[in-house]
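I opened this one to look up a few residues and the sheet around them. My notes follow the order in which I checked things.

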Amino acid sequence: NYEPPKKMKSKDRDRELVPIDKNKVIIFYGNELKDSLMAYYHKDSCIANKLEVIHIEKITRAKIDLLKVILGDTIKLGGANHVFASISDEVVAANIMSLMEISRQTTPLITRADWLNFELIAFDQFEKRNVFFIHNDYYSYDNPAYLNFKSAWIKRTGIYPSVYSLQGYELMSYFGTALVNHGTYF
């Protein structure tokens, strides 16, 4: 049922316009190890899903001018499926948000939930843009497994479980399941 994009006539000129095929991705990452790991995992995921990574760049405060060049190219930015930014530096993150606002493109931005804690970026900037957040430590507090763990933890200790106790529970559950399914050679 796939139909190739139809060519359109420009109202101003007699040239034909072809709709932009948005299968391209722009990726930025910062100085920290987790920044580059997330960026390259995202790159591999994009390639596996037949998206073309047109730009992957390590951006630091010293390279903000390069960021201006990349995001200032409205044709490249407008033709991108999304921009992925795994940046821990608040100044660089604020520059990305500002440059994307200036470009007036509706290209989605995918970033880490840490950005919600940055003071240089107002919440209304996120609301104006197409911003999606990845939260590495997200837990579904409605999950029956979590609710069982929480009630057992409170019953035993008399306090609510911390993030660390929840991570320990998940880690032990993972290894316990692996042992049950695969024996000691998982």
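These entries cover the sheet, then three residues.

**Entry 1: the sheet.** I am working from a predicted model. I looked up the strand order before anything else. The sheet is open and has 5 strands, in the order β4-β3-β5-β6-β7. Their pairing is parallel. In general, strands of a sheet pair through backbone hydrogen bonds, either parallel or antiparallel.

Which strands stand at the edges? They are β4 and β7 (131-134). Each has a single partner strand, so one side of each is left without a neighbour in the sheet. I also noted the twist, which averages 20° from one strand to the next.

**Entry 2: β3 and β5.** I went to the pairing of β3 (residues 24-29) with β5 (residues 80-86). The two run parallel and share 6 bridges. For one residue, I looked up the partner: isoleucine 27 is bridged to phenylalanine 84 in β5. Next I checked the helix α2. It packs on the sheet and touches β3 and β4. The direction of α2 makes about 165° with that of β3.

**Entry 3: histidine 55.** I found histidine 55 in strand β4, which spans residues 52-58. Is histidine 55 buried or exposed? Its relative accessibility is 18%, and the cut-off for buried is under 20%, so histidine 55 counts as buried.

I then listed what surrounds it. Leaving aside neighbours within four places in sequence, histidine 55 is in contact with Val25, Ile26, Ile27, Ile70 and Lys76. Ile27 is the residue I had already noted as bridged to phenylalanine 84. The side chain of histidine 55 also makes a polar contact of 3.2 Å with the side chain of glutamate 57.

**Entry 4: threonine 60.** I moved along to the loop between β4 and α2 (64-72), where threonine 60 lies. Threonine 60 has a relative accessible area of 17%, so I logged this loop residue as buried. What is threonine 60 in contact with, leaving aside its neighbours within four places in sequence? I found Asn31 and Val92.

**Entry 5: lysine 50.** Last, I looked at the loop between α1 (33-48) and β4, which holds lysine 50. Its relative accessible area is 70%; exposed means over 50%, so lysine 50 is exposed. I also checked the backbone. Lysine 50 has a positive phi of about 60°, although it is not a glycine.

**Recap.** Histidine 55 is buried in my notes, and threonine 60 is buried as well. Lysine 50 is exposed.

Conventions:
Residues are numbered from 1 along each chain as its sequence is written. This is a predicted model: local features need pLDDT of at least 70, side-chain atom pairs count only at pLDDT 80 or more; totals for chains, interfaces and linings use all residues. Side-chain values use heavy atoms; hydrogens and water are left out. Helices (H or I, at least four residues) and strands (E, at least two) are DSSP runs, numbered from the N terminus. Buried means under 20% relative accessible area, exposed over 50%, partly exposed in between (1.4 Å probe, protein chains only). A polar contact is a pair of N or O atoms within 3.5 Å; within protein, one must be able to donate a hydrogen and the other to accept it, and residues adjacent in sequence count only if both atoms are side-chain atoms. Contact means heavy atoms within 4.5 Å. Two strands pair if DSSP finds at least two bridges between them. Axes are lines fitted to C-alpha atoms, for helices over the stretch in contact, and angles run from 0 to 180 degrees between N-to-C directions.
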